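Hi everyone, thanks for coming. I'd like to walk you through one protein today, so get comfortable and have a look at the screen.

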Amino acid sequence: MLVRFAGPLQVQAAQTDPLLPVRLLAGGRALGGVLSWTTPMRLAPFPEASPFHGLAVPEDVEVRSQVLAEPGLDLNARTWASLTDGTPLVTAERRGRGMVVLIHTSANAEWGNLALSGLFVDMLRRLAALSQGAAGPAAMGGPLAPAELLDGLGRLAPASGIAAPMERDALASTRPQPRHPPGFYGPAERRAAFNLGPALPPANRFVPPSGAAVTPVGESRPGLDLGPPLLLAALVLALADMAATLALRGLLWRVALLALALWPSGPARAETFALEAGLATRLGCVATHDAGMDRLCLAGLRGLSARLAERSTAELAEPMLVNPERDPVVFFPLLYWRVTPNQPQPSEQAVEKLNAYMAKGGVIVFDTGDEGQAGAGPNTAELERLRRLVAGLALPPLAPMGADHVLTRSFYLLKSVPGRWDGATLWVSQGAEAGNDGVSPVVVGGNDWIAAWAVDERGRPLHAVVPGGERQRELAYRFGINLVIYAFTGNYKADQVHLPAIMDRLKR
């Protein structure tokens, strides 16, 4: 096999050179020349009859100059590689017992970068393999010797034993057997896979027996995660075993006294709580002493914090449960207080904390959870609970929120503020509070917003919202985002009402 490359001297002697597979046109083609293209050309995929078939063509291989083959009836049969515009790049012709191959570009980087690519190395390997007794492209259809075969355990190993060569055309029709095991056949440059799949009959559709219950994928109930309860049960059993062991040895009372001595005192716990609450911005739930309601409040504020992070630049940490009797409250921009039937009245110390919190800019949201009494507001029992809880708080005069209140436009433009329920009146302070940037320190309502915001560990809603469904839940989230932005930024949005007058004054 004679492999030749193009070059300036070959262009000059194209008409008289006898060792060429095709006739060449005088002059050639170069980037910017007479017979030219405006941008470097790339290689087209190799045809099936080419020994280069199956090689991946890199995107960065470009040809800037080449010698052109003279058109003829046998040009396609002699072309092993072409550019994307169809002009031959590699041509070949059999001469007696040998073959002449011409690469229509240079062997260096002067006419392109083909010679510097990994593709060029693979092309030369294919040509070298053909030179070892193969007569040309027709030899690609010869018998394929076994190279790597699969054993009974599906492990790939070098061919051995009685495995025999196979014709390439017989791969699809032959069934795997001891003389022809599945695996790879042929040399590296023209290797083929022989599998069991083509010989198998088509798969039959599974039809469930009559009377069997069928549940479509996606409609089945989600699996129950038993990890947390099992870990808790293991911990309880371990503690019980340790307590029994200590009791049998007469040491249980000593351990109890040691635990009491090491238990954090009130000031120490307050310092720990303040450190955790002050290191990140987060929302707070006022403890109701109802474990279920406290969990719901935290789940609601967790869902609201996630929506706030998705839709604004505010990123809040995990909400915390706050007990005003012992915990500092000044670190929270907003406290959510869900009114419950059995909640004790706050002590004088807690009332002083909450009054100082509101005086310094904090916002408390009282939610009576009216269960959808549209337009009626809290019932008599709920009002009585609310009055008892806030008896000692220094609350400003309250009035129903107007349509132009800044809470309806601090982030979203809202016409209503539904939660799990809809229709309860929202109460805010009358007029602007000069010492609090015009922000109402108290917001009172009964639409049960935390139930609409609450999500589980996977982010799925915990409660249905009525009567508006998911659209009502979206409005509830929007009100919650408005509420947090209102607590963060003050009443600055209200100044935009006066913007036309300010601009008119500046013009004058």
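I'll start with the overall picture, then go through a sheet, some charged pairs, the rings and a few odd backbone spots.

One thing up front: what you see is a predicted model. The protein has 508 residues, and buried ones make up 40% of them. Its secondary structure comes to 12 helices and 19 strands. If you take the contacts between residues at least 6 apart in sequence, 67% of them join residues at least 24 apart.

Okay, the sheet. In general, strands of a sheet pair through backbone hydrogen bonds, and they can do that either parallel or antiparallel. Here we have an open sheet of 4 strands with mixed pairing, and the order is 1-6-5-4. Which strands stand at the edges? Those are strand 1, residues 2-5, and strand 4, residues 79-82. Each has a single partner strand, so one side of each is left without a neighbour in the sheet. From one strand to the next, the twist averages 15°.

Let's go in from one edge. Strand 1 pairs with strand 6, residues 98-103, in the parallel sense, over 4 bridges. If you want a residue to click on, try arginine 4: its bridge partner in strand 6 is leucine 102.

Now the other edge. Strand 4 and strand 5, which covers residues 88-95, pair in the antiparallel sense over 3 bridges. There, threonine 79 stands opposite threonine 91 in strand 5. These two strands form a hairpin with 5 residues between them, and in it glycine 86 takes a positive phi near 95°. Aspartate 85 is in that loop between strand 4 and strand 5 too. Is aspartate 85 buried, exposed or partly exposed? Its relative accessible area is 37%, so it is partly exposed. Its C-alpha atom is 8.1 Å from that of alanine 44, and those two residues are 41 apart along the chain.

Next, charges. Side chains of opposite charge can pair when their charged atoms come close. How many salt bridges does a search of the whole structure find? It finds 14, and I'll show you a few of them.

Glutamate 93 forms one with arginine 95, with the closest N and O atoms 2.9 Å apart. Glutamate 93 counts as buried because its relative accessibility is 17%, while arginine 95, at 32%, counts as partly exposed. And this pair has company: Asp74, Arg78, Glu93 and Arg95 are linked in a network of salt bridges.

Then there's glutamate 318 with arginine 302, where the closest N and O atoms are 2.5 Å apart. This pair links distant parts of the chain, 16 residues apart: arginine 302 is in helix 7 (291-311), and glutamate 318 is in the loop between that helix and strand 14 (320-322). Glutamate 318 is partly exposed at 42% relative accessibility, and arginine 302 is partly exposed at 32%.

My last example is aspartate 327 with arginine 326, whose closest N and O atoms are 4.0 Å apart. Aspartate 327 has just 1% relative accessibility, so it counts as buried. Arginine 326, with a relative accessible area of 47%, is partly exposed.

On to the rings. A search of the whole structure finds 8 aromatic pairs. Phe46, Phe52 and Trp80 form one aromatic cluster. There's also a charge sitting over a ring: arginine 307 lies over the face of tyrosine 477, 4.6 Å from the ring centre.

Finally, the odd backbone spots. Most residues other than glycine have a negative phi, and most peptide bonds are trans. So what kind of peptide bond joins valine 466 and proline 467? A cis one, with omega about 5°. Proline 467 lies in the loop between helix 10 (449-453) and helix 11 (469-489).

Histidine 289 isn't a glycine, yet its phi is positive, near 65°. You'll find histidine 289 in the loop between strand 13 (284-286) and helix 7, and it is exposed because its relative accessible area is 55%. Aspartate 448 also has a positive phi, about 55°, without being a glycine. Its place is in the loop between strand 19 (442-445) and helix 10. At 4% relative accessibility, though, aspartate 448 counts as buried.

That's my tour, thanks for listening!

Terms used. Residues are numbered from 1 along each chain as its sequence is written. This is a predicted model: local features need pLDDT of at least 70, side-chain atom pairs count only at pLDDT 80 or more; totals for chains, interfaces and linings use all residues. Side-chain values use heavy atoms; hydrogens and water are left out. Rings of Phe, Tyr and Trp (its six-membered ring) pair if their centres lie within 6.5 Å; planes under 30 degrees apart count as stacked, over 60 as edge-to-face and the rest as tilted. A charge sits over a ring if NZ of Lys or CZ of Arg is within 6 Å of the ring centre and within 35 degrees of the ring normal. A salt bridge is a side-chain nitrogen of Lys or Arg within 4 Å of a carboxyl oxygen of Asp or Glu. Buried means under 20% relative accessible area, exposed over 50%, partly exposed in between (1.4 Å probe, protein chains only). Two strands pair if DSSP finds at least two bridges between them. Axes are lines fitted to C-alpha atoms, for helices over the stretch in contact, and angles run from 0 to 180 degrees between N-to-C directions. Contact means heavy atoms within 4.5 Å.
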